[in-house]
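Colleague: Could you take me on a close look at one part of this model? I'd love a connected walk through a single region, residue by residue.

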Amino acid sequence: MSEPIKVMLVDDQHLLRMGFRLILEGEEDLEVVAEAADGAEALETIDSLGDARPDVVLMDVRMPRMDGIEATAAVVERWAETKVIILTTFDLDEYAFSGLQAGASAFLLKDVEPAELANAVRVVASGDAVVAPRITQRLLEVYLRQGNATGGLAQAGGPDAPALKAAQQLDGTQARSAAPGTPTGAQVSAALSDGITREPLTARETEVLFAVAEGLSNAEIASRFFLSEATVKTHVRRILTKLQLRDRVQAVVYVYQSGLVGPEQQ
């Protein structure tokens, strides 16, 4: 039997952590190894765990001392093998987009069904797919559009500041539609001016990347292009490697950040 997936719960609400623990520990392949009430405590705890560090962290965003966005960025930077799922109250929470930009692999609603919670942890731990891809896409669309439309309305400390600040840092391309026709693999790899050297994609990889950005699952991509799911998975892995991205969510963020596609095209 393989080792269970190690999970950490980070939320300032003790009752929520208790509820999530009861759900996850009811699954044979999942193990809650730690809890924390804020981002700072989470980083201290993960650092102290050594080889027992969690595979997946369920991270709230609004917490004292250090919020979940800052903590997510620190986890991703310091422990690349640990994945983060952002916990939100609403499916279009303005903080969730910032969490994805910080490196989170997915986000879940706090009232998620128990079976969906357990499955999300497994999916993110595998690095093979994204939780609720269409919700992720809708979130990106809303905040890219909002960042373009509201301009200077995101005042420091305002309720929409985290998401709008993130949207306004998209290399000057927020909410911009791509030029007619699908970009070449070389154009895709060079689309974001962030100093990172990326390998050009093949024509098929480029098609698969844009399908991922639409929020399609592996099965749906396979059906569209008459491929096997195994072949789609291989393409996705190559895309992530060539573009130096952590997972599928980051691939979606990359497409939107770079201006390769925008809400007007949806």
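**Arg 198, α12 and the largest pocket**

Modeller: Happy to, and please keep in mind that this is a predicted model. Let's start with Arg 198, which has a relative accessible area of 10% and therefore counts as buried, the cut-off being under 20%. This arginine sits in the loop that runs between α8 (185–189) and α9 (203–213). A polar atom of its side chain lies 2.8 Å from the backbone oxygen of Leu 243. Beyond its neighbours within four places in sequence, Arg 198 is in contact with Ser 189, Leu 192, Lys 242, Leu 243 and Tyr 254.

Tyr 254 takes us into α12, as it is one of the buried residues of that helix, along with others including Arg 248, Val 252 and Gln 257. In fact, ten of the ten residues of α12 are buried, so the helix is largely enclosed by the rest of the structure. At the start of α12, a side-chain oxygen of Asp 247 comes to within 3.1 Å of the backbone nitrogen of Gln 250. Just after the helix, Gly 259 adopts a positive phi of about 80°.

Now for the largest pocket, which holds about 280 Å³ of space. Its lining is made up of 15 residues, and those closest to the centre are Gln 101, Gln 244, Leu 245, Gln 250 and Gln 257. Two elements, α4 (94–102) and α12 (248–257), each give two or more residues to this lining, and α12 gives the most, with four. Sorted by class, the lining has seven nonpolar, five polar and three charged residues.

Definitions and conventions
Residues numbered from 1 in each chain as written. Predicted model: local features only at pLDDT ≥ 70, side-chain atom pairs only at ≥ 80, totals over all residues. Heavy atoms only, no water. 1 Å grid on protein atoms, 1.4 Å probe; cavity = no way out; pocket = protein on both sides within 12 Å on 5 of 7 lines; lining within 4 Å. Points joined across faces, edges and corners; volume = space filled by probe spheres on them. Nonpolar A, V, L, I, M, F, W, Y, C, P; charged D, E, K, R; others polar. Buried < 20%, exposed > 50% of the residue type's maximum accessible area, 1.4 Å probe, protein only. Polar contact = N/O pair within 3.5 Å; in protein donor to acceptor, adjacent residues only side chain to side chain. Contact = heavy atoms within 4.5 Å.
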